[in-house]
Amino acid sequence: MARIELRDLAHAYGPRPEREEDYALKRADFAWEDGGAYALLGPSGCGKTTMLNIISGLVRPSEGKVLFDGKDVTGLSPAARNIAQVFQFPVVYDTMSVGENLAFPLKNRGLPRAEIEERVREVAQMLELSPMLHQRAAGLAADAKQKISVGRGLVRSDVAAILFDEPLTVIDPHLKWRLRRNLKEIHARFRRTLVYVTHDQNEALTFADKVVVMHEGQIVQTGTPQELFEEPAHRFVGFFIGSPGMNFLPVEGDEAGLRLEGTDIVLGRELAAQARGRSGRLELGIRPEFLELHEAPVADGLEAALTEVQDLGNFKLATVRLGPHLLKVKLHEDAAVPQARGWLRLPPTRTRLYAGGRLIG
Amino acid sequence: MGKTENNKAWFLVLPVFVIVAFSAIIPLITVVNYAFQDILGPQDRYWVGTEWFKEVLTDDALQEALLRQLVFSTAVLLVEIPLGIVLALGMPARGAGASAALVLMALPLLIPWNVVGTIWQIFARGDIGLAGWFINGPLGLDYNYTADSFDAWITILVMDVWHWTPLVALLCYAGLRAIPDAYYQAASIDGASRWAVFRHIELPKMRGVLLIAVLLRFMDSFTIYTEPFVVTGGGPGNATTFLSIHLAKIAVGQFDLGPAAAISIVYFLIILTLSFVFYNVMIRVGTGSSKS
Amino acid sequence: MSRSRIVVIVWYVFLLLPLYWLFNMSLKTNAEILSGLTLVPRNPTLANYRTIFTDPTWYSGYINSLTYVVLNTLISLSVALPAAYAFSRYRFIGDKHMFFWLLTNRMAPAAVFLLPFFQLYQTIGLFDTHIAVALAHCLFNVPLAVWILEGFMSGVPKEIDETAYIDGYGFPRFFLTIFVPLIRSGIGVTAFFCFMFSWVELLLARTLTTVNAKPIAATMTRTVSAAGMDWATLAAAGVLTIVPGALVIWFVRNYIAKGFALGRV
């Protein structure tokens with residue numbers, strides 16, 4: 001168990017990185033607190049697996065340091081770091097039985113036999129693998145194999161952290177939640193540091209205490225699921241988390257407030273002060289959940305045309321046009337839906353301002 | 001994968017059947033004809049029954065050739081399979097070097113077999129060959145493959161290793177490349193030793209291709225003819241007279257068609273039996289590995 | 001440096017030395033070859049190569065070899081494709097026996113077929129033609145082609161066939177426009193192996209030809225004459241027989257790793 005610190009870390013796969021695009025992982029300082037359950041969330045190719053492999057030691061960063069509890073481990077092999085990692089596709093040793101698979105990491109470290117047996121029994125029970133301990137691992141189904149992979153990490157009492165690289169990709173949907181629940185139980189019991197890489201926000205939000213969002217080789221935000229939802233620090237987070245993602249309206253700052261691009265509509269007077277002197281494109285962000293759509297005119301309401309309403313069971317999703325811009329509004333399933341036109345209100349407490357993609361107010 | 005029952009599929013197989021039957025069955029009938037008859041001329045033939053078989057089976061020359069053949073094929077497998085594995089493990093996996101290494105490795109396989117013989121003849125001769133000169137001169141050993149049986153054997157074996165180990169290496173290389181990186185990464189995280197990685201990851205994943213390698217090397221070494229014929233002509237004495245060379249000596253050299261045909265049939269039956277055993281082993285191992 | 005890396009380096013030296021020696025000799029004169037060992041030619045000469053390229057009995061050998069190799073590859077592929085499809089998709093009476101019988105022919109020693117082939121092709125009047133050698137090589141190349149192609153075809157999901165049939169494709173059109181393009185890497189690999197085994201075989205090729213279709217490898221035995229061995233020309237001819245193979249490998253180098261697994265990894 002350890003606090004994992006990344007100091008001044010950057011990584012490029014090519015030999016001589018020059019431009020920023022050459023880096024798979026851009027310069028970052030970050031710390032994973034001891035005992036935390038983290039999700040590392042981002043789209044494919046954003047650098048999450050690189051980040052994970054750097055923590056585990058499979059990839060040596062081209063710049064910066066990795067510290068475990070303040071000790072520099074940058075040059076150490078994965079085995080020496082005491083890290084466990086579970087991969088996207090289950091890795092089992094075909095020649096061994098389930099039990100031998102679980103015992104393998106301990107045997108390699110020369111633990112006494114009795115202790116190995118004890119640990120294996122314990123872990124097998126926790127992962128519901130006990131009945132198949134003597135079966136050959138080769139013929140098992142994907143979920144059982146993935147449990148074995150997890151188990152090989154858990155048998156070691158000394159691991160600094162267990163890293164998961166999209167571990168549920170090949171698991172049947174109805175087994176996914178069980179395995180995920182298994183992982184949560186394990187975390188609750190052992191308080192190991194867990195880092196869980198995924199591109200699926202549901203998986204991330206249900207698994208983790210803290211979600212780390214990555215985008216184009218950078219960590220753009222770290223927070224609880226709620227923080228990510230309510231205060232996206234970056235345009236990308238607003239867009240990537242939530243379904244559908246945040247609405248973004250391009251605006252221009254002037255004396256009166258923020259004017260919606262291409263229209264005379266003025267929005268967000270409260271935020272105008274923050275916009276002053278900022279460079280970069282200004283945008284207002286608001287979640288479809290927080291937008292209000294009224295049948296009759298309201299104070300601060302903006303007249304908008306309804307273009308589409310989808311009934312999605314427990315909610316309705318309306319698409320409205322404000323000037324040249326389209327916005328999504330999430331309505332309660334029983335909410336009255338205006339005909340053809342309605343009045344939109346952006347609640348000031350829920351409206352965020354972004355400059356150049358970053359949250360400024 | 002479930003296959004559909006469909007006897008019309010025979011029409012698709014028919015061209016293959018016709019063309020292979022033409023090359024295999026008609027000649028086989030000829031062989032059988034010769035094996036049971038003494039043919040002196042088109043109209044002048046006698047049924048001799050199993051007489052030729054009795055003659056060749058009790059012939060010391062055939063028994064010796066068979067023994068030599070078995071020793072040779074075993075030696076070939078014992079050297080080439082482990083060496084091929086080691087080479088496959090050591091060959092560069094990526095980068096510019098990988099392509100070059102592959103092309104060079106495959107080169108001996110595409111050299112006509114008699115040219116392989118010629119290359120080694122030129123290379124191993126004491127007077128004009130680099131290897132022959134080196135062993136006799138700087139190394140100070142007495143080496144002459146045209147006069148000494150042991151030297152001839154070693155030369156043929158080394159030549160076969162040079163010629164055919166690349167096939168084993170390339171098969172194993174192909175098997176190794178099919179192992180996902182995650183296996184190596186997991187092993188490194190589990191603290192596995194190099195030997196454990198080989199024993200528990202690489203070897204099991206190579207099982208399929210290794211079986212193909214063993215099969216091909218066994219069969220091809222069992223029917224070897226051209227290369228030793230060019231280098232030693234079966235000599236000195238009969239030291240390197242393997243089955244095929246023995247057969248050709250009798251059929252083409254002495255024109256003893258009856259015994260030659262009888263040997264052919266015995267030879268063919270040996271191969272058939274062995275390939276049947278191998279085939280069934282292959283099927284069993286094949287279905288075993290398809291589950292994993 | 002790891003131990004296996006050292007083995008590999010030693011291997012490549014061992015692999016290249018005999019080839020270098022052949023090349024070295026091909027640039028020498030017979031006088032130099034017989035006068036003592038020299039690691040590099042004292043007076044490099046292309047005379048041996050000139051001999052080969054100007055003498056029709058030499059260069060026609062190359063043309064003959066290439067002709068029957070290409071013929072054999074074409075025949076093998078065109079008959080093996082439908083058969084491999086049948087084996088990979090259908091069960092039919094005697095399928096397993098048929099497959100096994102085919103494989104036994106791949107394993108049959110060429111020496112057994114020497115005499116019968118000689119008589120067979122003389123009887124039907126194809127003796128000393130390219131097609132005779134091409135057909136004879138089908139004995140081992142067709143079974144091999146069926147085997148390799150079956151491996152590749154089994155990797156193609158059956159649903160593709162079914163979808164095509166539902167879409168109203170007939171078998172020939174489906175096979176040629178959909179299926180064959182899907183396994184083109186397999187076809188490339190098969191062609192490579194057919195080329196290889198036909199190109200390197202000499203025993204049958206030499207037995208079935210005398211003049212008109214005589215392969216280059218057989219022409220090489222001509223170098224024994226009353227004046228002794230013509231080592232220099234022999235070496236040059238040897239170097240030239242390596243060239244087509246080397247070119248073929250160079251073209252397929254990116255498929256070698258996959259190809260040698262014969263679609264079965």
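A residue counts as exposed here if 12 or fewer other C-beta atoms lie within 10 Å of its own C-beta. C:T54 has 9 such neighbours, so it falls on the exposed side. This residue sits in helix 3 of chain C, which covers residues 47–54. Its C-alpha atom is separated by 21 Å from that of C:L22, a residue 32 places away along the chain. Keep in mind throughout that this is a predicted model.

## Chain C as a whole

Let's zoom out from that one threonine. Chain C carries 14 helices and three strands, and its C-alpha trace spans about 75 × 60 × 30 Å along the principal axes. Of its 265 residues, 48% count as buried. As for how the fold is wired, take the contacts in chain C between residues at least 6 apart in sequence: 81% of them join residues at least 24 apart.

## Who touches whom

There are two pairs of chains in contact, and chains B and C share the most contacts. Chains A and C aren't joined by any contact, and their closest C-alpha atoms lie 15 Å apart.

On the B–C side of things, 76 residues of chain B are in contact with 83 residues of chain C. Helix 1 of chain B (residues 10–36) supplies the largest share of chain B's side, at 13 residues. There's also some strand pairing between these two chains: strand 1 of chain B (residues 4–5) and strand 1 of chain C (residues 90–91) run parallel, paired over two bridges. Within that pairing, B:E5 stands opposite C:R91.

The A–B contact takes 22 residues from chain A and 17 residues from chain B. On chain A's side, the elements that give two or more residues are helix 2 (78–81), strand 6 (83–86) and helix 3 (98–108).

Here's how some of the contacting sides break down by residue class:

| Side | Nonpolar | Polar | Charged |
|---|---|---|---|
| Chain B, touching chain C | 57 residues | 16 residues | three residues |
| Chain A, touching chain B | 13 residues | six residues | three residues |
| Domain 1 of chain A, touching domain 2 of chain A | three residues | one residue | two residues |

## The nonpolar cores

Which residues have the most contacts inside the largest nonpolar core? That core has 164 residues, and the list is B:L170, B:L171, B:C172, B:L247, C:A80, C:A83 and C:V146. Helix 7 of chain C (residues 130–154) gives the most to the core, with 17 residues. Both domain 1 (1–45) and domain 2 (55–259) of chain C give residues to the core, so it lies between them. A separate core of 78 residues lies apart from this one, and includes A:A103, A:V120, B:Y183 and B:A187.

B:C172 is worth a click in your viewer. Neighbours within four places in sequence aside, its contacts are B:G84, B:I85, B:A88, B:M206, B:V209, B:L210 and B:A213.

## Annotated segments of chain B

An unreviewed UniProt entry lists residues 12–36, 70–89, 101–123, 152–176, 208–226 and 261–282 of chain B under "transmembrane region". How do two of those segments look in the model? Residues 101–123 of chain B are 74% helix and 0% strand, with the end C-alpha atoms 23 Å apart. Residues 208–226 of chain B are 84% helix and 0% strand, and there the end C-alpha atoms are 29 Å apart.

## Chain A: two domains and some strands

Chain A is assigned domain 1 (4–236) and domain 2 (243–359). The C-alpha centres of these two domains lie 39 Å apart. Where they meet, six residues of domain 1 are in contact with eight residues of domain 2.

Further along chain A there's a run of antiparallel strands. Strand 11 (residues 247–254) is joined to strand 12 (residues 257–260) by four bridges, with A:E252 partnered by A:R259. Strand 12 in turn runs antiparallel to strand 13 (residues 266–267), joined by two bridges, and here A:L258 has A:L267 as its bridge partner. Strands 12 and 13 of chain A form a hairpin with five residues between them. In that turn, A:G262 has a positive phi of about 80 degrees.

Terms used
Residues numbered from 1 in each chain as written. Chains lettered and ligands numbered in written order. Predicted model: local features only at pLDDT ≥ 70, side-chain atom pairs only at ≥ 80, totals over all residues. UniProt positions renumbered as here; feature names shortened; annotations may be inferred. Core = buried A, V, L, I, M, F, W, Y, C linked by C-beta atoms within 7 Å. Buried ≥ 20, exposed ≤ 12 C-beta atoms within 10 Å, placed from the backbone. Domains from an automatic or database assignment. Contact = placed C-beta atoms within 7 Å. Nonpolar A, V, L, I, M, F, W, Y, C, P; charged D, E, K, R; others polar. Pairing = 2+ DSSP bridges.
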